[in-house]
Structure formats: C-alpha cells, structure tokens
Amino acid sequence: MTYQWDIMRSLGINDHDIRKFTDPQHWLEYFPPLAKEDLKSLGVRVDWRRSFITTDANPYYDSFVRWQFTKLKERKKIKFGKRHTIFSPLEGQPSMDHDRATGEGVGPQEYTLIKMKVVEPLPKSLSSLAGHLVFLVAATLRPETMYGQTNCWLHPDINYIAFPVKTGEVFISTTRAALNMAYQDFTSEYGKTQVLLHLKGEELMGVALKAPLTSYDVIYTLPMLTIKEDKGTGVVTSVPSDAPDDYAALRDVQKKKALRDKFGITNEMVLPYKPVPIIDIPGIGNLSAVTACDQFKVSSQNDKSQLEKAKEMTYLKGFYEGVLLVGPHSGKKVQEAKKLIQGDMVASGEAVLYQEPERSVTTRSGDQCVVALTNQWWVGPSSLRALTCYPCQHLHT
Ligand code: ZZB
C-alpha cells in the first residue's frame, strides 16, 4: 500500500516539510512555482501574466463560480436527488477518479436483472426458504432476447447467497452483486444484505424455473464453466439462438452425458431444448449464434478465440441490423425494441434494473467500490455548456 506520505517522500520532500501539507493552502503555494519551472524548462511558451489560482483561495475566481451557480439555481438547472454513483462502502462516500487506486474513468454499467422464479415445491437445497417467492436473478444486456431463453447458467464452483429484498421476495446472486443491490435500495436496510443461505453453484443444478417471455414453460439451471464471478450476478440466462457462448455451452451439456451425470442433470432438463428463432439479422439469418459457431467451427464453451470471432460477428450486426421476429414488438429493430421490452418487463415486475461498476474500481484505501444510489447535487445535462469555465477550459461538473 502506498500512502500519500510515501508519494511526497518520493518527490524529495523531507518529513518535516511534508507535515506542512496538512494545511490545504500550502499545496497552492508549494506546487505552482515548481510546475512553472518545469514547463519553462520544457520550452513551453506561456504568457505567465495570465496565470491565476482557482478555488476560493482567489476571491475573484470564487465569486465568478458563485455567480454561475446562483444563475443556474435560479433557472432550476441545479437539482438534488438520488443518482447512481461509484461508491466506497468502507469510506461511506462516492469515489471519484482522484480517490481511486484502480479504475480511473470507470462508470456505472446498467444491466436488466431477469427474475427467474424457482418452481415450487422448492428443491432440497432451498427448502428452508419455503413460503417465499425465490428468484435466480440473471444479469443481461440483451433484454429483447428473453423470448429465446432455454435454460439458466450457474457456475458449479461459485458461491451464491439467498437474501430478502424489500418486496418480500428472495433473490439469489453472488455476494458482490447483492452488495451492489443493497446500495441501490433493493433491501430494507440501505447497504445491508441479510444472508438467508450460502449456496455453492453445484447445489443449485437442475432447478426448475419459470422465466419471463420464453416459449418454454419450464427451464432448468445447468452448469457453465466460463461464468465470471466478478461480473453481473453470476447467474446468466441462456439464449443459444443469439449468444455464441450459450449455444456452445448448451451443446456441451447436450453432447456430454458424463457432464450431465456429474451434476445430476436429467435428459428431460436438456435434450428437448432447441435454439428458438427470435431475431433476424440480414445476411446471417434467424439463428445467428448457431450460424456463427458453425462458421468459425467453435469446438466447445472453452474455445475462447473462436467464440470471440463468433461473438464479434453477431454482436454489432445484431444490434444495428437485427429485427425482432416475435412478441408485441415483432418487426421492430433490435435497438428500438431493447428499451421497450426492458420497460415492459420492469413494469410487469418480471425484471428490475441493476447497476455495477463497468470494471473493478478500488479506492486508495484498498476498498472494492459498488454502484450506490446516493443523494447529491447535480447539474442538468443541458446546462453543462454553461459550466465550462472559460479561463481554464475545464468542465466543472
Ligand atoms: C442474454 C443474452 C443474449 C446475452 C444474447 C448475450 C447475448 P458482455 O457484452 O461481454 O459484457 N453474462 C452476464 N453475466 C455474466 C458472467 N458473470 N459471466 C459470463 N457471462 C455473463 O456480455 C454481457 C452478456 O454476458 C450478458 O447478456 C449475459 O448474456 C452474459 F443474445 O444475456 B447475455 C452476443 C451476445 N449475445
């Protein structure tokens, strides 16, 4: 762990002088002359007569910024409310770029959580939850493909938890995802999850589920060995018509009896399930993942390099040119249908919106950040221009 003190020492400042930086004004006096000398030695041509210090150390600058904000407030451009923010649970505050050890520039990523209901009577591993509505919650970026779900993937070695949410329902996901949800007002106590059960993926194999929009009445949880623990909820819904990873993994479970036997998966849970045509991509067809996996000769779910090529082929074209073939939004382009179907499922209670950092963010104190809904002041996007500070050309947001 590198502390600020070490960084200052590495700049050649002695311990006695480092102490003086506890006064924030000292920074303003110490560094600008040094920066000026460095810039001069680089030969940068600057008119130094025009240099000045920002912040309230400079009362003229301070009143300029106050004037801007007062005007924006009068015009009701400044708002207060809950917003999704990268947040450190340990520090109990948002973590902005300069507070981070890793993950500079990383923002929140929104997923749709598909509520896959565990069919009653609950399986043995979940029997202590009897009386509750229990859901495996799958994180997806493709809500419009839910018509083609054939199964749900879990990693046999990943640890999952079951925890109650405000509605009285019980969700199953990884602990990391549950913590993000707890900071997004999913649970009754902000930032806290109450763990009802710890479960390993292998204990949850072959569980019968009811999933929204799919034409299959019941689908089952099956093992997938490429699920990442640090992404989404660790629960992945499977759409083999459009997701090459899903097609390859489903084919593995369908072909390999030994794999099914290892996890207690019966033939009925797998063999009747075929990819369903739900999206037509001009030039590729209506089972794009199947076509792509065949074309690139993807051998199994572990064939990383070929799967990458297959995904590349389906992803972009699917988004920009794909046309939906089923449901009330049939005939619409994927880009348009995506938000509409997401909205329909959220309104009907079949899905919820969830966010997490796009990539891992750790603070300087070593904490792993989440996305939290926090109360904050913010500036409406339309007024961002007005906030560009002309003297320094910075966007003060
Ligand atoms: C349904 C679906 C249908 C998906 C499709 C993809 C596609 P990306 O874009 O690489 O970030 N996913 C979610 N969580 C995990 C995890 N922990 N480990 C592995 N895979 C995970 O991938 C986002 C997609 O990865 C999500 O959207 C989910 O699968 C899966 F037709 O849900 B998707 C060409 C992809 N098509």
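How many Å² does the protein chain expose, and what share of that area do carbon and sulfur atoms supply? In this predicted model, the exposed area of the protein chain comes to about 21,400 Å², and carbon and sulfur atoms account for 55% of that area. Along the principal axes, the C-alpha atoms occupy a box of roughly 80 × 50 × 45 Å. The chain comprises 397 residues, of which 43% are buried. Its secondary structure consists of 10 helices and 19 strands. Among contacts with a separation of 6 or more, 69% link residues that stand 24 or more positions apart.

One of the sheets is described here by its strand order. Three strands, arranged as β2-β1-β17, make up an open sheet with antiparallel pairing. The edges of this sheet are formed by β2 (93-94) and β17 (370-379), each of which pairs on one side only. Strand β1 spans residues 78-88, and its antiparallel pairing with β2 rests on two bridges. Within this pairing, S88 has Q93 of β2 as its bridge partner.

Strand β17 also takes part in the surroundings of helix α5. This helix covers residues 175-182, and its buried residues are A177, A178, N180, M181 and A182. These buried residues pack against β17 and also against β4 (108-118), β5 (134-140), β7 (159-164), β8 (170-173) and β15 (351-357).

The surface carries a nonpolar patch composed of L39, L42, V44 and V46. Together, the four residues present about 330 Å² of accessible area. L39 belongs to helix α3, which runs over residues 24-41. Because its relative accessibility is 33%, L39 is classed as partly exposed.

Charged side chains were examined next. The structure contains 17 salt bridges, including one between R9 and D15, in which the closest N and O atoms lie 2.8 Å apart. Both partners can be placed by their accessibility. R9 has a relative accessible area of 45% and is therefore partly exposed; D15 is likewise partly exposed, because its relative accessibility is 30%.

A further salt bridge connects K317 with E321, with an N to O distance of 3.7 Å. Both residues belong to helix α9 (residues 304-321), where they are four residues apart, or about one turn of the helix. An α-helix has 3.6 residues a turn, so residues three or four places apart point the same way. K317 is partly exposed because its relative accessibility is 31%, and E321 is partly exposed because its value is 33%. Elsewhere, R142, E144 and K338 are joined into one network by salt bridges that share partners. Within that network, the side chains of E144 and R142 meet at 2.7 Å, N to O. E144 and R142 are both buried, whereas R9 is partly exposed.

Conventions
Residues numbered from 1 in each chain as written. Predicted model: local features only at pLDDT ≥ 70, side-chain atom pairs only at ≥ 80, totals over all residues. Heavy atoms only, no water. Pairing = 2+ DSSP bridges. Patch = residues over 30% accessible without salt bridge, like charges linked within 9 Å, V, L, I, M, F, W, Y side chains within 5 Å. Areas by Shrake-Rupley, 256 points an atom, 1.4 Å probe, with all protein chains shown as cover. Buried < 20%, exposed > 50% of the residue type's maximum accessible area, 1.4 Å probe, protein only. Contact = heavy atoms within 4.5 Å.
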